[in-house]
Amino acid sequence: MHVNYWDELKGDRMGRAGLYMTGALAVVALGASWLAPHDPWAYVAPPLSPPSWSHPLGTNEVGQDILSELIYGTRTTLLVAVSSALFSSLLSLLLGLAAGLFRGKVERVVLRLVDVMLVVPVLLVALLTAAYLRPGIPGLVVLFSLLFWPPGARIVWSQVLSLKQQGHLTAARHFGAGTWYLVRRHLVPELYPLLAVNFIQVVRRAVFMEAGLAFLGIFDPSIKTWGLMLHYARDFVFTGAWKWWLLPPAAAVSFTIISFALLGYALESALDPRLRRHVHAGN
Amino acid sequence: MNKRLLDYLLALLIILTLNFMLPRLMPGEPITAIYGDALVEMTPEMKSHLLERYGLDRPLGEQFAVYMGNLFQGDLGYSYYFRAPVAQVISGALPWTLLLAGTSLLFSTFLGIVWGVEAGWRRGRKFDRASLVTAMLLNGVPGFVLGILLLLFLGFYLQWFPLSGGASPYLGQEGIARAADILRHLFLPALTLTLVQLPRNFLLMRSSLLGVKERPYVMTARGKGLRERVVRYRHAVRGALPPVVTRVGMSAGLLFTGVFFVEVVFAYPGLGHLFYLALQHHDYPTVHGCLLLITVCVLLFNFAADLFSIKLDPRLRENARQLLGRT
C-alpha cells in the first residue's frame with residue numbers, strides 16, 4: 001500500500017508530461033502580470049487589428065490585446081478550478097468521514113444526499129444558478145464546490161469502512177486511541193492518495209464547466225477567461241480573425257484539460273496495483 | 001428499486017425547488033425577476049393577470065403550491081420573446097434535440113464498442129497505445145470547441161455542410177428531399193457529439209473487455225477453433241457488454257450536456273439553442289422550461305438505464321436486494 005507516489009508520477013511518461021504541462025500553466029498563471037505584454041483591460045490598439053509585433057495575436061472587438069487576455073485567462077481558469085477542487089475535496093472528506101465513522105443516521109443522510117446529487121444533471125443546475133446570479137470568481141467556486149463533492153464523499157466513505165476493519169486500526173483502538181486520534185493519524189493520511197485523484201478529476205470538470213458557462217456568456221464580463229474570449233470571438237468567426245482570436249483560447253482550454261487528465265491517469269495507475277505498468281510487463 | 005425511484009423523485013424536487021426559488025431570491029419582486037424586460041411593454045391589466053394567475057403576490061408557500069399546480073397542468077408560463085406559451089415553444093424544439101441526441105448516442109456507442117474491442121484485444125501493442133493516446137486527447141477537447149473547429153473547416157472552408165440550423169427554410173421541400181436536407185444539417189452537430197462521447201465509450205469497452213479476455217469461456221471458444229472474429233464479437237463482447245451498456249445509459253446527463261453546447265454552436269433548433277436565445281433575451285419562463293424538460297429527459301433516461309441494468313445482470317439484482325436490506 002505504501003508507494004512513493006511522487007516517484008511513480010515521475011517515472012511514468014504520461015505523468016511526467018502532465019507535470020510539465022500543469023507546471024507550465026502554473027507559471028503562466030502566477031506570472032501573468034509580468035508575462036503579459038499589455039494590460040488586458042486597456043484599449044491599446046484599434047479594434048480587430050491583425051497580429052503585429054506589438055500585438056502578436058492582434059486585438060479584439062474593443063481593441064484589447066488578445067495575447068494578454070489569453071495569459072490572464074490562465075490565472076482565472078486555474079484559480080477557479082483549483083479552489084473549487086480544494087473546497088469540494090474538503091467537503092467530500094468531511095462528509096465521507098462523518099458517514100463512515102458515525103454510521104447510523106448521519107450515514108443514511110449523507111449517502112442519500114450523494115445518491116440524489118449524482119442523478120441531478122450538474123451542468124444544468126450550474127447553468128440555472130449562474131443565469132440568475134451571474135457569479136464572479138468566488139460565487140463560481142462556491143457553486144462548483146457544492147456541486148462536485150458527492151463522488152469523492154462516496155469514495156471516502158467506502159474507504160473509511162474498509163480501513164476501519166484493518167488490523168493496525170483495531171490495534172490502535174485497543175491501545176486506547178480516541179476517534180479523533182485515529183482520524184488524524186491513521187485515516188486521513190491513508191485517504192490522501194484517493195483524495196489526490198479526486199482532486200485532479202474535479203479540477204478537470206471545473207475547467208470544462210467554467211469554460212462552458214463563459215462560452216454561453218453566463219459570466220461576469222469584466223473577468224478575463226478563455227470561455228468569454230471564445231464567446232466573443234465566435235461572432236467574428238467568418239472574418240479570418242479566428243486564426244489568432246479563436247484558436248488560441250480553444251487550444252488553451254484543451255491543453256489544460258489534457259494536462260490534468262494525464263496527471264490524473266498517472267496518479268490512478270500509481271494507486272491501482274492492477275494498472276501499474278511494471279506488473280504488466282510480462283503480460 | 002423503490003429506493004432508486006425515491007432518489008429520482010428527490011432529484012426532480014431539488015431542481016423544481018431551485019427553479020422556483022432562484023427568481024424569488026433576486027432583489028425586487030418576483031415578477032420583475034421572471035419577466036424582466038418584457039414588463040416594460042405590458043399593460044397594467046396583463047401584469048395583474050400574471051400576478052393573479054401565477055400567484056406572484058401571495059406568500060411563498062402558496063406561490064409554490066400554485067407553481068406546482070400549474071406545472072402538473074403543463075402550464076409553464078408565457079414567453080414574451082416568442083409570443084407563445086412556453087409549453088408550445090418547447091415542444092417544437094424537443095424533437096430536434098431528441099433526433100440529435102439519439103443519432104449521436106447510437107453512433108458513439110456502436111463505434112466505441114468496436115474500437116474498444118479492437119484495441120483491447122491488442123492490448124499493449126501499437127494500435128492499442130495509439131488508440132489510448134487518441135482517446136485521451138479527444139477527451140480533452142470540450143464539445144463546443146470541437147464543434148467550432150468542425151464548423152470552421154468542414155462547413156466554412158470546404159463548404160461541405162450547411163453552417164447552421166436544422167433544415168433549410170422557405171424551400172417547401174417534401175418527402176425525400178426534405179429528409180435529405182435534414183440529414184445534411186444533422187451531420188456536423190451529430191459528428192461533433194459522436195466524437196465527444198466516443199473516447200468515454202471506447203475506454204469503458206476496452207477496460208471491460210480486458211476484464212473478460214482471459215476468462216476460461218473465452219479460452220474455450222478459442223480452443224474449439226472458432227475464428228478470431230467470432231470469439232471476439234460473439235463470446236468476449238457478450239460478457240463484456242452489460243457494464244458498458246449500463247454506464248453509457250447512466251451518462252445521459254453528459255449526453256444532454258453535450259447536446260446543449262453543440263446546439264448553441266450550430267444554432268441547431270433544439271432545446272439548447274432555445275435556452276441560449278431565451279437567456280440572451282432574458283426570457284426566463286422559457287429558460288426554466290428548457291432546463292426543466294432537459295432535466296426530466298436526463299432523469300427518465302438514467303432511471304431507464306438503472307432498471308435495464310438490473311434486468312440485464314442478475315448479479316446486480318442480488319446486489320440491489322442486499323443494498324435494500326442493509327439500509
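Trainee: What is the area buried between chain A and chain B, and what share of it do carbon and sulfur atoms give?

Mentor: In this predicted model, about 4,500 Å² is buried between chain A and chain B, and carbon and sulfur atoms give 78% of that area. On the side of chain A, the residues that lose the most area to chain B are A:Val119, A:Leu128 and A:Tyr132, which together make up 17% of what that side buries.

Trainee: Which residue counts from chain A and chain B go into the contact?

Mentor: Chain A gives 44 residues and chain B gives 51 residues, each counted because it has heavy atoms within 4.5 Å of the other chain.

Trainee: Why is the pair A:Arg112 and B:Asp7 called a salt bridge?

Mentor: The side chains of A:Arg112 and B:Asp7 meet with N and O 2.9 Å apart, and the rule asks for a side-chain nitrogen of Lys or Arg within 4 Å of a carboxyl oxygen of Asp or Glu, so the pair qualifies. The count between chain A and chain B is 1 salt bridge, while the structure holds 8 over all chains. Across this interface there are also 2 residue pairs in polar contact, with both residues at pLDDT 80 or more.

Trainee: Which elements of chain A build the side that touches chain B?

Mentor: Helices H5 (104-119), H6 (122-133), H9 (179-215), H10 (226-233), H11 (242-245) and H12 (247-271) of chain A each give two or more residues to that side, and H6(A) supplies the largest share, with 9 residues. By class, the side of chain A that touches chain B has 32 nonpolar, 6 polar and 6 charged residues.

Trainee: What makes the second largest cavity a cavity, and which residues line it?

Mentor: The term applies because a 1.4 Å probe fits there but cannot get out. Its volume is about 30 Å³, and the search of the whole structure, which finds cavities of 30 Å³ or more, gives 2 of them. The lining consists of A:Leu124, A:Leu128, B:Ile15, B:Asn19, B:Leu291 and B:Thr295, with H6 of chain A and H1 and H13 of chain B each supplying at least two residues. The lining divides into 4 nonpolar, 2 polar and no charged residues. A:Leu128 is thus met twice, once in this lining and once among the residues of chain A that lose the most area to chain B.

Trainee: What lines the second largest pocket, and why is that space called a pocket?

Mentor: The word pocket is used because the set of points is open, with protein on both sides within 12 Å along at least five of seven lines. About 320 Å³ of space lies in the second largest pocket, and 14 residues line it, with B:Leu16, B:Leu71, B:Leu76, B:Leu292 and B:Val296 nearest its centre. Helices H1 (2-25), H4 (60-72) and H13 (284-312) of chain B each supply at least two lining residues, and the classes come to 12 nonpolar, 2 polar and no charged.

Trainee: Why does the pair A:Lys224 and A:Glu69 count as a salt bridge, and where in chain A do these residues lie?

Mentor: The closest N and O atoms of A:Lys224 and A:Glu69 are 2.9 Å apart, and the cut-off is 4 Å, so the pair counts. The pair links distant parts of the chain, since A:Lys224 lies in the loop between H9 and H10 of chain A and A:Glu69 lies in helix H4 (residues 66-102) of chain A, 155 residues apart.

Trainee: How many helices and strands does chain A have?

Mentor: Chain A comes to 13 helices and 0 strands, and its C-alpha trace spans about 75 × 50 × 35 Å along its principal axes.

Note on methods. Residues numbered from 1 in each chain as written. Chains lettered and ligands numbered in written order. Predicted model: local features only at pLDDT ≥ 70, side-chain atom pairs only at ≥ 80, totals over all residues. Heavy atoms only, no water. Buried area = accessible area lost by both parts, 1.4 Å probe. Polar contact = N/O pair within 3.5 Å; in protein donor to acceptor, adjacent residues only side chain to side chain. Helix = DSSP H or I, 4+ residues; strand = E, 2+ residues; numbered from the N terminus. Nonpolar A, V, L, I, M, F, W, Y, C, P; charged D, E, K, R; others polar. 1 Å grid on protein atoms, 1.4 Å probe; cavity = no way out; pocket = protein on both sides within 12 Å on 5 of 7 lines; lining within 4 Å. Points joined across faces, edges and corners; volume = space filled by probe spheres on them.
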